[in-house]
Amino acid sequence: MEQYDVIIIGAGTAGLSAAIYAARSGKRTLVLEGKSCGGQIINAKAVVNYPGIKQISGVDFAMGLYEQAVEAGAKVLFQKAVRMELADQKKIVATAKQNYACSAVILAMGAKNRPLGLEREAELTGSGVSYCATCDGAFYKGKKTAVVGGGNTALEDALVLSEYCQKVTLIHRRDSFRGEWQTVQELKERSNVEILTDTVVTALEGDRQLTGIRVRNLKQEKEWVLPVHGLFAAVGQIPQSDLVRDLVELDDYGYIKADESCRTSLPGIFAAGDCRTKEIRQLATAAADGVTAALAACQLA
Ligand code: NAP
């Protein structure tokens with residue numbers, strides 16, 4: 001079995017930041033990633049709020065992290081961690097190909113998009129329903145689209161889409177937004193953006209392709225059909241914590257409970273980034289978590 005000091009599960013911002021610090025501390029560092037490097041940030045057209053970097057594309061940001069981690073000496077393998085267990089003082093992480101042993105594990109699996117929970121949502125995903133404006137927005141050039149959500153993702157999706165869609169309707173279930181005030185102001189200034197607050201989507205229209213959405217204003221109890229070709233759901237995330245569901249404590253929403261040092265309920269296991277319980281989930285806080293978790297893990301490894 002291959003032996004490492006630190007194994008990091010997930011190669012998003014938190015995981016790769018942890019890898020840079022663990023490898024630079026001279027630890028044998030392995031990063032396991034089931035998909036592609038970079039995590040959610042690769043879908044961001046432009047990152048403009050990472051301290052010290054005025055503007056960078058999400059892909060360039062992720063590539064920079066990856067290269068920095070590998071140059072520091074971390075090994076990155078594109079294998080999905082499918083099981084984790086404890087054996088004596090060691091932690092064993094299994095993929096479909098191989099088992100790996102280590103002294104400390106950093107869980108940095110991130111989170112995945114939450115569905116709206118509408119009937120036929122899965123069926124119409126890819127045929128009008130999407131969870132990523134940066135990935136799929138270009139298909140709707142010159143067309144009418146809607147975005148659901150009131151966080152930064154929804155606001156930024158609406159901004160991106162408004163650059164080339166005929167019209168963008170932003171739909172939020174409350175009348176105040178979680179996302180940045182400044183982005184809301186920018187949206188209000190765009191002539192092709194309509195903002196519907198206190199409004200929810202109740203049904204999807206169209207046979208094989210989305211043709212519209214049924215929406216309801218919760219205050220006026222009014223319901224109508226909005227003709228749109230594309231619906232972008234941006235209603236938050238679900239933490240990817242299934243791997244450790246029976247090993248470490250989770251909160252009611254499935255986030256891994258960990259303190260400000262990123263220590264979980266099990267010694268030697270740390271959680272960093274969007275899969276961890278915390279107040280603020282930003283690129284900068286994901287990186288900060290990775291650094292914190294790595295330095296704590298290095299004390300054990
Ligand atoms: P979020 O901040 O959790 O916002 C989710 C939004 O979806 C909320 O407005 C919520 O409404 C709404 N919502 C949840 N379930 C819903 C449902 N079933 N139907 C309708 N609406 C629903 O998620 P996010 O926007 O994906 O952002 C996640 C984190 O990443 C945040 O911390 C955010 O600041 C960060 N982020 C940062 C950047 C950046 O730094 N540039 C970009 C994107 C995201 P309520 O408000 O009523 O709960």
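**Salt bridges, a charged patch and a buried helix**

Let me start with R214, which is partly exposed, at a relative accessible area of 29%. Keep in mind throughout that this is a predicted model.

What does the side chain of R214 meet in a salt bridge? The partner is E223, with 3.7 Å from N to O. E223 is also partly exposed, at 34% relative accessibility. The pair does not stand alone: R214 and E223 belong to a network of salt bridges that also takes in E205 and R216.

How many salt bridges does a search of the whole structure find? The count is 15. I will pick out two others.

Take K75 and E2. Their side chains form a salt bridge, at 3.5 Å from N to O. This one ties together distant parts of the chain. K75 sits in strand β4, residues 75–77, and E2 sits in strand β1, residues 2–3. That puts the two partners 73 residues apart. On accessibility, K75 comes out at 35% and counts as partly exposed. E2 is partly exposed as well, with 27%.

Now R120 and E123. Here the side chains meet in a salt bridge at 3.3 Å, N to O. Is E123 buried or exposed? E123 counts as exposed, because its relative accessibility is 51% and the cut-off for exposed is over 50%. R120, at 28%, counts as partly exposed.

Stay with R120 for its backbone. R120 lies in the loop between β9 (111–113) and α3 (121–124). Its phi is near 65 degrees, a positive value in a residue other than glycine.

D198 is another such case. Phi of D198 is near 50 degrees, again positive in a residue that is not glycine. D198 is in the loop between β13 (193–196) and β14 (199–205). Is D198 buried or exposed? D198 is buried, because its relative accessible area is 13% and buried means under 20%.

Next, charge on the surface. Which residues gather in a patch of positive charge there? They are R114, R173, R174 and R178. Look at R174 in particular. R174 is in the loop between β12 (167–171) and α6 (181–189). With a relative accessible area of 35%, R174 is partly exposed.

Last stop, helix α1. Helix α1 covers residues 13–24, so 12 residues, by the DSSP runs. From first C-alpha to last, α1 reaches 17 Å, close to the 16 Å expected at 1.5 Å a residue.

Why is α1 described as largely enclosed by the rest of the structure? Because 10 of its 12 residues are buried. For anyone following on screen, the buried ones are T13, A14, G15, L16, S17, A18, A19, I20, A22 and A23.

Let me pull out S17 from that helix. S17 counts as buried, with 7% relative accessibility. Where is Q68 relative to S17? Along the chain they are 51 residues apart, while their C-alpha atoms are separated by 8.9 Å.

To recap, briefly. R214 and E223 sit in a salt-bridge network with E205 and R216. K75 and E2 link distant parts of the chain. Four arginines, R114, R173, R174 and R178, make up the positive patch. Helix α1 is largely enclosed.

Key
Residues are numbered from 1 along each chain as its sequence is written. This is a predicted model: local features need pLDDT of at least 70, side-chain atom pairs count only at pLDDT 80 or more; totals for chains, interfaces and linings use all residues. Side-chain values use heavy atoms; hydrogens and water are left out. Patches are made of residues with over 30% relative accessible area and no salt bridge: like charges are joined within 9 Å, nonpolar side chains (Val, Leu, Ile, Met, Phe, Trp, Tyr) within 5 Å. Accessible areas come from the Shrake-Rupley method with a 1.4 Å probe; for residues, only the protein chains shown count as cover. Lys and Arg count as positive and Asp and Glu as negative; His and the chain ends are not counted. The place of a charge is taken as NZ of Lys, CZ of Arg, CG of Asp or CD of Glu. Helices (H or I, at least four residues) and strands (E, at least two) are DSSP runs, numbered from the N terminus. Buried means under 20% relative accessible area, exposed over 50%, partly exposed in between (1.4 Å probe, protein chains only). The expected span of a helix is 1.5 Å times one less than its number of residues.
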